[in-house]
Amino acid sequence: MAAIATAFGLIFDPFVLMVIALSAMFGLFVGAMPGLTATMATALLVPVTFFMSPVPALGAIVTATTMAIFAGDIPAAMLRMPGTPASAAYTDESFAMAKKGQLELNLGVNLVFSVVGGLIGVAFLIAGAPLLAELAINFSSFEYFWLACLGLLCAIMIGTGDPVKGFLSLFLGLAIGCIGIDPAAGFPRFTFGNVDLMSGINFIPTMIGVFAVSELMRGAVTVDEAGHMVQEKVGALFRGIGGVTRLYWKNVLRGSVIGTLIGALPGAGADIAAWVSYAMAKRFSKEPEKFGTGHIEGVVESTSSNNAALGGAWIPALVFGIPGDSITAIVIGVLYMKGMNPGPTVFLENPQFIYAVFIIFILANLLMLPLGYAAIRGARRLLAVPKNVLLPVILLFCVVGSFAMTNSPYGIVLMLIFGVIGWFLEEHGVPVAPLILGLVLGELLEQSFMTSMIKSDGSFLMFFSRPIAGTLGLANLAIWAAILWKVARNHRRAGVIEHADT
Amino acid sequence: MRLSDNWLALIFIALAAVMIGMTTTFPAFPGQKYGPALFPRILGTGIIVCALLIAYRARQRRSEGAVEPALAFDPVFADRTRLVSFLSIPLSVLAYLLLVDRLGFIPTAFLLLLGLMLWFGVPRLRALAVAVAMTGLMQWFFGSLMRVPLPRGLFMQLVQGG
């Protein structure tokens, strides 16, 4: 109990509350701007939070991403442009509602059920994480090796349409992670005698490059395109919400649970949760023929789902140090920078910090109601910020932020190189999320692999000798089988599925 | 810009081969079977296998009559203005890197913002105002508040007479 009291004390501090309020506004803005994603918001926040202590730093990230995922729904309904990829699944449906004159109902539903979904996701996080941590405390290198493998495999299985290119991206990320001092023997690898490379590939400038600069390069081509707003005035938002709740409460629950689960699976985040939930809603609906014509049912389920996914993603991140999505991948990088190794020991040594994360999550979701309401009211002015001003400003922000991470031009060089690499890979249908996961998990994977190899003297059977390790190992093999089946099936269909990047 | 799958595969095979080649110079530690070379070698092999699969699929598509040019350009880039817009992002970062030590952060950041905004068609007065305000904001937030050692360069020397 003392830890919970400490956590409250940590959060209800004027500075922390100010950081939360500012990052809420930042998140709403970034989320509402088409082309700027929640992941990008996180990557841009890191240089700003770099000098803060862990609680305000994490508070900023949690709040900004929570707001951004909701705010993405606003331009989806108003301009038919999803503000973040997480709203893409129901953009057409929302826009169709707006055209029918139901913009208020749509935005009201999005706001209220984003909050509800978010809170249900947090409830799962609060209930599930400590239980799993208790289990994880006994894990040895074998379990961690299999967990890391499982995380990476999930990322490829769920997050990409083409497993071959997913694996390629993953191996590239792991290989890039090898640059620097090797974690087992301390030998400098692939450094070409360069001092900067000896310290390894700094994670944050890399993320800023892959997620922000490559996006700016794509955005620069379409800088003159703007959406058309159907309706400029917004009326009463919460009228009709009660009726929707009575009719579709099952959808809210199902969306939230599925969203949390998908969020918790490594590599799949809010965007995939929304797609799956939208498909589920249609599949189980009594009136599937209405989907696509401006029907609220699918919106209810998927808007609950994508916000629930945010909380879900923190479960494996906090318990195992394995990110549930790209946002928590950045969070894990931040935790390492702050000298806190994410994993079950944090629950024992710094429980007040875990509780603080829980409280911030609840607070952020509750704050979303008034702030989201204000954002919808001010949406016309918010969406009028011209892209041609925004792009250069964000670019300068990326440059300064990357510089601040290394205090040298090395950060900017990394950002530029990975911006171009990220763009090049996506241009060739190679997804970038596995590369980032590989980069984050590389050290854990190599360390647990090398330790296990040395312990078992090279015998693979030892990897299955402990009960949990054995189960995890079998789960890995099952996913391998599923991936091979998927590849073979794609192959039979002759032709590669071109998968839209997530 | 899109390379054909064959060229893509070739690039990655070459990269992985170089990587594996470099691991042969890594030391082995006496008494330990598994050294720093093991993990990169596994990864290199993984990259090569993926690349071969990509090339194999391309070959299958060709045998079914599909034609893939070695290098294809997005039709968007046929428009010269859009091509320059696209290149302006990485090139302005490069220019920033080359100039910032000599000029200092304030003038370089200002020029980057102003140049890009004018190119993207922002009205002149607004571009000027945003560039001044944003440069100031970044210098204040990162330079003063966060104590990031932003390059001072010629500009600050002139301002401070040092």
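Two residues are in contact if their C-beta atoms, placed from the backbone, lie within 7 Å. The exercises below concern a predicted model.

**Exercise 1. Characterise the overall form of chain B.**

Step 1. Take the elements. Chain B holds six helices and two strands, and from the N terminus on they run β-α-α-β-α-α-α-α.

Step 2. Test the chain against the globule rule. The radius of gyration of chain B is 25 Å, whereas the rule gives 15 Å for 162 residues; chain B is therefore more spread out than a compact globule.

Step 3. Add the dimensions. The C-alpha trace of chain B spans about 65 × 55 × 20 Å along its principal axes.

Step 4. Consider burial and contacts. Of the 162 residues in chain B, 29% are buried. Among the contacts in chain B with a separation of 6 or more, 60% join residues 24 or more positions apart.

Step 5. Divide the chain. The domain assignment gives domain 1 (2–72) and domain 2 (76–160) of chain B, and the C-alpha centres of these two domains lie 39 Å apart.

**Exercise 2. Describe the side of chain B that touches chain A.**

Step 1. Count the residues on each side. In chain B, 55 residues are in contact with 50 residues of chain A.

Step 2. Locate the contributing elements. Strand 1 (2–3), helix 1 (5–23), helix 2 (38–63), helix 3 (80–103), helix 4 (105–119) and helix 5 (124–145) of chain B each supply at least two residues of this side. Helix 2 of chain B gives the largest share, 12 residues.

Step 3. Sort by residue class. The side of chain B that touches chain A comprises 41 nonpolar, eight polar and six charged residues.

**Exercise 3. Analyse the packing of helix 4 against helix 5 in chain B.**

Step 1. Establish the geometry. The two helices of chain B pack at an angle of about 145°, with their axes 9 Å apart. The crossing of helix 4 and helix 5 of chain B is right-handed.

Step 2. Identify the partners. Residues of helix 4 of chain B, including F105(B), F110(B) and L114(B), meet residues of helix 5 of chain B, among them R124(B), L128(B) and M138(B).

Step 3. Sort them. The contact between helix 4 and helix 5 of chain B contains 15 nonpolar residues, two polar and one charged.

**Exercise 4. Place helix 6 of chain A in its surroundings.**

Step 1. List the buried residues. In helix 6 (residues 91–99) of chain A they are T91(A), E93(A), S94(A), F95(A), M97(A) and A98(A).

Step 2. Find what they pack against. The buried residues of helix 6 of chain A pack against helix 5 (73–79), helix 7 (103–136) and helix 14 (296–320) of chain A.

Step 3. Inspect the end. Just after helix 6 of chain A, G101(A) adopts a positive phi of about 90°.

Note on methods. Residues are numbered from 1 along each chain as its sequence is written. Chains are lettered from A and ligands numbered from 1 in the order in which they are written. This is a predicted model: local features need pLDDT of at least 70, side-chain atom pairs count only at pLDDT 80 or more; totals for chains, interfaces and linings use all residues. Helices (H or I, at least four residues) and strands (E, at least two) are DSSP runs, numbered from the N terminus. Ala, Val, Leu, Ile, Met, Phe, Trp, Tyr, Cys and Pro count as nonpolar, Asp, Glu, Lys and Arg as charged, and the others, Gly among them, as polar. The radius of gyration is taken over C-alpha atoms; the globule rule is 2.2 Å times the number of residues to the power 0.38. A residue is buried if 20 or more other C-beta atoms lie within 10 Å of its own, exposed if 12 or fewer, and partly exposed in between; C-beta atoms are placed from the backbone. Domain bounds come from an automatic or database domain assignment. Axes are lines fitted to C-alpha atoms, for helices over the stretch in contact, and angles run from 0 to 180 degrees between N-to-C directions. A crossing is left-handed if the near helix is turned anticlockwise from the far one by less than a right angle, and right-handed if clockwise.
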